[in-house]
Amino acid sequence: MLRQLLPHFSSSSSSSSPIYSLARLTRQSSSRRVPLASRKTSSSSRTIMSSSSSSSSSAASVPFERPRKVVKKVLSLSQSEGDGATVRRSIGRHEVPNLDPFLLLDEFSVSKPAGFPDHPHRGFETVTYMLDGAFTHQDFSGRKGTIRTGDVQWMTAGRGIVHSEMPAADGVQKGLQLWINLASKDKMIKPRYQELESKDISQAEKHGVKVRIIAGEAFGVRSPVYTRTPTMYMDFTMQPGSQLHQPIPEGWNAFVYIIEGEGVFGREGAAPASAHHCLVLGAGDGLSVWKRSGAPLRFVLAAGQPLNELVVQQGPFVMNSRAQIKKAMEDYYYGRNGFEKASQWSST
C-alpha cells in the first residue's frame, strides 16, 4: 500500500530506498495517470504454553537454549498512504528499512472513499490480513473478490500485477499488510494467489493462549499456506496469567507487532510493550511472552529465512539491481513482460 505514485527512476535509488515519496508515471497508449504505490515453513519444535498456576516465574521456566530478546522497539506512527488512507508503518520506515526477507508492514485504517486505487507490483509478495471490515481486490487479469474480517489474501506478484484494494463496507476497515521479498530466481514467476476465509485458517487454543496460524506451525498445528520464501506468520491472543514459548527456526529474522493490549516479550524482567509497537527480535531459537494482568494481549509474530540478496526498491518494484528496476518501470510503461494487460485495464 503506497502513498502517492511511482517515482521516475534515478541513479540515487539504493537497497535502502524507502517508498515514501512517489511521483506519477503515464503508461504508453494510455492517457490515464496511474498510482503505483516458497518453500513450506518448517519447525522442528512444538509450541509450549502454560498458565501462571502451572509454571514458576523464574528464568528457568523458559524452555529455549537461546531465547530471543527484543533488540529494537519501534512505535508505528500514522501517515497518509494511497488515496486518502491512513496507515501505521513499522517495517519499511527509517528505523527498520527492511528485515530480510520482510520489506514492509502496514497497519491500515481506511474508510470510503479512501483506499488504494490501481497500482502495480513486481518482485515480491503481499499478505493482507483483515482485522475488521472488508476490502475488495481486483486486478488486470479479471480477478475480483472481497476479503472480510479474519480472512487472508497471500498474493505473489512475481513478474507483475496491477490491482486495486478498496473498502467494501461502510465505516473504518482495518487490517495488516505484510510485504515479503522473493528470491532472485522467483521474481519473474507467474503471479498467483492463496486466499483463506477466516473459518479455514488453522487455529489452536491452550491454557489461555489462542493462535490463528496464517503460515507455519504452532501448538502442533500447521497452516496449509505455501510460502515460497520460508515464513511463519501467526496471530496470538493471550489471556491474563498466560505464558507463551514459541519456537522460531535458528537463523531466521523475526519481529512482533502488537495489535491490542500489552505484554512482556523476550525476558521476564523486560518492560511491557503496548499496542502499535514493532519489536525486532534478536538471534535465538524461540520467543517467550508473558501476559500478567489487564486486558487480553493480541499480537502477530512473523519470522522468515533471510534471502541474503541485494535489495533494490523503487516504490512497488523490488528487484536485485538498479538495471532491473529500470527495466521493470519500462515494462510497466510499455506494457510488456507481464504487464501486457495494464494499459487496457482500470478497476471498476
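## A salt bridge between Glu217 and Arg222

Glu217 is buried, with a relative accessible area of 18%. In this predicted model, the residue forms a salt bridge with Arg222, and the closest N and O atoms of the pair are 3.0 Å apart. Arg222 itself is partly exposed, its relative accessible area being 37%. The two partners therefore fall into separate burial classes, since the limit for a buried residue is under 20% relative accessible area and that for an exposed one is over 50%.

Salt bridges with shared partners also occur: Arg122, Lys326, Lys327, Glu330, Asp331 and Arg336 are joined in this way into one network.

## Other charged pairs

The protein has 17 salt bridges under the rule applied. Side chains of opposite charge can pair when their charged atoms come close. One such pair is Lys185 and Asp186, whose side chains meet with an N to O distance of 3.2 Å. Lys185 is exposed, at a relative accessible area of 66%, whereas Asp186 is buried, at 6%.

A further salt bridge links the side chains of Arg89 and Glu81, with 2.8 Å from N to O. In this case both Arg89 and Glu81 are buried.

## Overall composition

The secondary structure consists of 1 helix and 29 strands. Of the 348 residues in the protein, 57% are buried. The accessible surface amounts to about 13,800 Å², and carbon and sulfur atoms account for 48% of that surface.

## The open sheet of seven strands

Strands of a sheet pair through backbone hydrogen bonds, either parallel or antiparallel. One open sheet in the model contains 7 strands in the order 5-6-7-14-9-12-15, and its pairing is antiparallel. Its edges are formed by strand 5 (77–81) and strand 15 (192–196), each of which pairs on one side only. From one strand to the next, the twist averages 25 degrees.

Within the order 5-6-7-14-9-12-15, strand 9 (residues 124–132) and strand 14 (residues 173–181) run antiparallel and are joined by 8 bridges. Phe124 has Asn181 in strand 14 as its bridge partner.

## Strand 17 and its two partners

Strand 17 (residues 209–215) is mostly covered, with 6 of its 7 residues buried. Strand 16 (residues 202–206) runs antiparallel to strand 17 and is joined to it by 5 bridges. Among the residues involved, Ser202 has Ile213 of strand 17 as its bridge partner. The hairpin made by strand 16 and strand 17 has 2 residues between the strands, and His207 in this hairpin takes a positive phi near 50 degrees.

Strand 17 also pairs with strand 20 (residues 231–238), in the antiparallel sense and over 6 bridges. Here Lys210 stands opposite Thr237 in strand 20.

## Nonpolar cores

The largest nonpolar core has 27 residues, and Leu176, Tyr233 and Phe255 touch the most other members. At least two residues of this core are supplied by each of strand 7 (102–110), strand 9, strand 12 (152–156), strand 14, strand 17, strand 22 (253–260), strand 25 (277–281) and strand 27 (297–304). Apart from this core lies another, of 26 residues, which includes Met238, Ile248, Leu287 and Leu297.

Leu176 illustrates the packing around one core member. Not counting residues up to four places away in sequence, Leu176 touches Leu105, Asp106, Glu107, Phe108, Val127, Thr128, Tyr129, Leu131, Tyr233, Tyr257, Ile259 and Val300. One of these contacts, Tyr233, is itself named with Leu176 and Phe255 as touching the most other members of the core.

## The surroundings of Val318

Where does Val318 lie among the strands? Val318 is placed in strand 29 (residues 317–319), and it is buried, with a relative accessible area of 0%. Val318 and His121 are 197 residues apart in sequence, while their C-alpha atoms are 8.2 Å apart in space.

With neighbours within four places in sequence left aside, Val318 is in contact with Leu103, Arg122, Gly123, Phe124, Asn181, Lys187, Val311, Val312, Gln313 and Ile325. Two of these contacts, Phe124 and Asn181, are bridge partners of one another, with Asn181 belonging to strand 14. Another contact, Arg122, takes part in the salt-bridge network that also contains Lys326, Lys327, Glu330, Asp331 and Arg336.

Terms used
Residues numbered from 1 in each chain as written. Predicted model: local features only at pLDDT ≥ 70, side-chain atom pairs only at ≥ 80, totals over all residues. Heavy atoms only, no water. Buried < 20%, exposed > 50% of the residue type's maximum accessible area, 1.4 Å probe, protein only. Helix = DSSP H or I, 4+ residues; strand = E, 2+ residues; numbered from the N terminus. Pairing = 2+ DSSP bridges. Areas by Shrake-Rupley, 256 points an atom, 1.4 Å probe, with all protein chains shown as cover. Salt bridge = Lys/Arg side-chain N within 4 Å of Asp/Glu carboxyl O. Axes fitted to C-alpha atoms, helices over the stretch in contact; angles between N-to-C directions. Core = buried A, V, L, I, M, F, W, Y, C linked by side-chain atoms within 4.5 Å. Contact = heavy atoms within 4.5 Å.
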